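Visitor: I'd like a close look at one part of this model, the salt bridges. Could you walk me through them and what surrounds them?

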Amino acid sequence: AIEDDIRADLAVVGITATARFLEKEDFNTAMVDGDYDLVFSETWGAPYDPHSYVNSWTTPDEAHYPVLETLDPPMDPEN
């Protein structure tokens, strides 16, 4: 599976990744709460549509939002 490939690639550079498989509701809660170190999320609209994907960064119930709140300007949710 792709997660095994990612884990193997990270191991090559000395990063240990441990997968956590969650039910959809638990996964969404963990993303919104920022309870992760690395997460792969879905896009809005067509797969890999950059406009809808970036737009999701400014939505409070999406995974990127809690992370953006922790960044110093100019990399904050408003910029």
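Guide: Here is a tour of the salt bridges, with a little background to begin and a surface patch to end.

Keep in mind that this is a predicted model, where local features need pLDDT of at least 70 and side-chain atom pairs count only at pLDDT 80 or more, while totals for chains, interfaces and linings use all residues. Residues are numbered from 1 along each chain as its sequence is written, and side-chain values use heavy atoms, with hydrogens and water left out.

First, the setting. The protein chain has 4 helices and 0 strands (helices are DSSP runs of H or I with at least four residues, strands are runs of E with at least two, and both are numbered from the N terminus). Along the sequence, that reads α-α-α-α. Of the chain's 79 residues, 14% count as buried; buried means under 20% relative accessible area, exposed means over 50%, and partly exposed is in between, using a 1.4 Å probe and protein chains only.

Now for your salt bridges: the structure holds 2 of them. The term means a side-chain nitrogen of Lys or Arg within 4 Å of a carboxyl oxygen of Asp or Glu. Side chains of opposite charge can pair when their charged atoms come close.

One bridge joins the side chains of Asp-4 and Arg-7, at 2.9 Å from N to O. Both residues sit in helix α1, 3 residues apart, which is about one turn of the helix. Asp-4 counts as partly exposed because its relative accessibility is 37%, and Arg-7 is also partly exposed, at 26%.

The other bridge links Asp-35 with Arg-20, and their closest N and O atoms are 3.3 Å apart. Asp-35 lies in the loop between α2 and α3 (50-55), and Arg-20 lies in the loop between α1 and α2, so this pair ties together parts that are 15 residues apart in sequence. With 43% relative accessibility, Asp-35 counts as partly exposed.

Let's finish with that patch. Val-12, Val-13 and Ile-15 make a nonpolar patch on the surface, with about 320 Å² of accessible area together. Patch residues have over 30% relative accessible area and no salt bridge; like charges are joined within 9 Å, and nonpolar side chains (Val, Leu, Ile, Met, Phe, Trp, Tyr) within 5 Å. The areas come from the Shrake-Rupley method with a 1.4 Å probe, and for residues only the protein chains shown count as cover. Val-13 is in the loop between α1 (2-12) and α2 (24-33), and it counts as exposed because its relative accessibility is 62%.
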